[in-house]
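Here is a walk through one chain, written for someone who would rather look at side chains than read a parameter list. Keep the 3D view open and click along as you read.

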Amino acid sequence: MAAAEPERPAGAATARRLARGCWSAFWDYETPKVIVVKNRRLGVVYRAVQLLILLYFVWYVFIVQKSYQDRETGPESSVITKVKGITASEHKVWDVEEYVKPPEGGSVFSIITRIEVTPSQTLGACPESDRVADATCDSDEDCAAGHLDMLGNGVRTGRCVPYYRGASKTCEVSGWCPVEDGASVSQFLGKMAPNFTVLIKNSIHYPKFQFSKGNIETRADGYLKRCTFDEVSHLYCPIFKLGFIVERAGENFTELARTGGVIGVIINWDCDLDLSASNCNPKYSFRRLDPKHVPASSGYNFRFAKYYKINGSTTRTLIKAYGIRIDVIVHGQAGKFSLIPTVINLATALTSIGVGSFLCDWILLTFMNKNKVYSHKKFDKMVDASEWGAGPGPCASEPPQDSRLADPRGLARL
């Protein structure tokens, strides 16, 4: 009679079950459980949310924002300007060399339209301007010798002298005399200024895409000598009349020429480099940049002087110039298809569609009449392993089937 085989220890069998459970957990694929809820209103909400998210990504993200493109903002840019025209004041004819400051032709320049001239100033002693604070006086005691007012025109000598006009008196100063307010003469240069022409030559470069372009049409037939800018017919003729620039900025030319102001010429280069280079065109806009309605700082003016010798004595003509300052501002962005932003935005779109499920789950678990039934079906409550003797550890075998909670009525009535 054959000998009976020895029984294997119960602990070895348990260890084998745990090992199989661990390997099974490592290699098995897990997928979420899908529950179909037969509720028409909830289904409409779910599909509507999905549709809105899909429309947002398709229309706004991909079509409007072109988020499938790699982008570069702020092109490298160069600006060269040139002004042409002559005008006349009450006393003389002015050409470009006199009314354009600075003359180098950069992106910021001023066109003088009105001047206040103080001629023949020499170093000496004369009455201070009555516009300077505490400059008026009744006697010498009111004027402290050696006092220097940073907003004045010189160092006080200690004398109280009659002003240039009227019966008032001001403190005498040592400096360039006569002071500006005492003998200035105003001249208006803006009569013919609206017909001045301004050439704005602009070239841009996007280094990331190695793309360059300029705003002047390459023609050798003297095209620039006979054209002026037009958005439709002469887009690549960047020659603007000064009156056109001021008008497009929404300003009155006569008023602006008398008080001065700053006008911005904005050139925008937004280029879709997935298309041909001919579709990358400059767009011009114009607006006033300085605070027009602030009395303390409205307008634009600056001073400069012309020096010369008379009988061996240094003399100068002081000019306070009011003018229209032009600031040429270039900006833009270029985009071209790239796989990386396309994949990122597609993944974001697919992930965002799941917001519909989250919203509908929240409605089911919070507001529906039978939310407890749905909760029982959606969430399985697991019994602790020690309570049913499967042994400790994360690799325990499956609990008995009867440990799962039953559905009281089913989801068919949701």
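Start with E141, which sits in the loop between β6 (108–127) and β7 (154–162). Is E141 buried or exposed? With a relative accessible area of 69%, E141 is exposed. It has company, too: D138, D140, E141 and D142 form a negative surface patch. Bear in mind as you look at this that the model is predicted.

The loop between β6 and β7 also holds D134. This residue has a positive phi, near 65°, and is not a glycine. That's worth a second look because most residues other than glycine have a negative phi. D134 counts as exposed, at 65% relative accessibility.

Q210 does something similar elsewhere: phi is about 55°, positive again, and Q210 is not a glycine either. You'll find Q210 in the loop between β10 and β11. Its relative accessible area is 62%, so Q210 is exposed.

**The chain as a whole**

Now zoom out. The chain has 414 residues, and 36% of them are buried. Nine helices and 16 strands make up the secondary structure elements in the chain. The accessible surface comes to about 25,700 Å², and carbon and sulfur atoms own 57% of that. As for contacts, take those with a separation of 6 or more: 67% of them are between residues 24 or more positions apart.

**Salt bridges**

How many salt bridges does the structure hold? The structure holds eleven. Here are some of them, with the N to O distance for each pair.

| Salt bridge | N to O distance |
|---|---|
| D70 and K208 | 3.6 Å |
| K92 and E98 | 2.5 Å |
| R288 and D290 | 2.7 Å |

Take the D70 and K208 pair, whose side chains meet in a salt bridge. D70 lies in strand β1 (residues 69–73) and K208 in the loop between β10 (197–206) and β11 (211–214), so this pair ties together parts that are 138 residues apart in sequence. Both ends can be seen from outside to some degree: D70 is partly exposed, with a relative accessible area of 29%, and K208 is partly exposed at 47%. If you were just looking at Q210, you're already in the right loop, the one between β10 and β11.

K92, which pairs with E98, is partly exposed as well, with a relative accessible area of 32%.

Is R288, the partner of D290, buried or exposed? R288 is buried, with a relative accessible area of 15%, and D290 counts as buried too, at 12%. This pair doesn't work alone: salt bridges that share partners join E251, R288, D290 and K292 into one network.

**Prolines and the cis bonds**

Next, some prolines. Which residues does a cis peptide bond join? One such bond joins K101 and P102, with omega at about -15°. P102 is in the loop between β5 (100–101) and β6. Another cis peptide bond joins C177 and P178, and there omega is about -5°. P178 belongs to the loop between β8 (169–177) and α4 (180–183). These are good spots to pause, because most peptide bonds are trans.

C177 turns up in one more pairing. The C-alpha atoms of P119 and C177 are separated by 9.6 Å, while along the chain these residues are 58 residues apart. P119 is located in strand β6. At 37% relative accessibility, P119 counts as partly exposed.

**A nonpolar patch**

To finish, go to helix α2 (residues 40–64), where I63 is found. I63 is one of the residues in a nonpolar surface patch of about 680 Å². The others in this patch are L54, Y56, V58, W59, Y60 and V64. Set that beside the acidic side chains you began with, where D138, D140, E141 and D142 form a negative patch, and you have a nonpolar patch and a charged one to colour in your viewer.

Conventions: Residues numbered from 1 in each chain as written. Predicted model: local features only at pLDDT ≥ 70, side-chain atom pairs only at ≥ 80, totals over all residues. Heavy atoms only, no water. Patch = residues over 30% accessible without salt bridge, like charges linked within 9 Å, V, L, I, M, F, W, Y side chains within 5 Å. Areas by Shrake-Rupley, 256 points an atom, 1.4 Å probe, with all protein chains shown as cover. Salt bridge = Lys/Arg side-chain N within 4 Å of Asp/Glu carboxyl O. Lys, Arg positive; Asp, Glu negative; His and termini not counted. Charge placed at Lys NZ, Arg CZ, Asp CG, Glu CD. Helix = DSSP H or I, 4+ residues; strand = E, 2+ residues; numbered from the N terminus. Buried < 20%, exposed > 50% of the residue type's maximum accessible area, 1.4 Å probe, protein only. Contact = heavy atoms within 4.5 Å.
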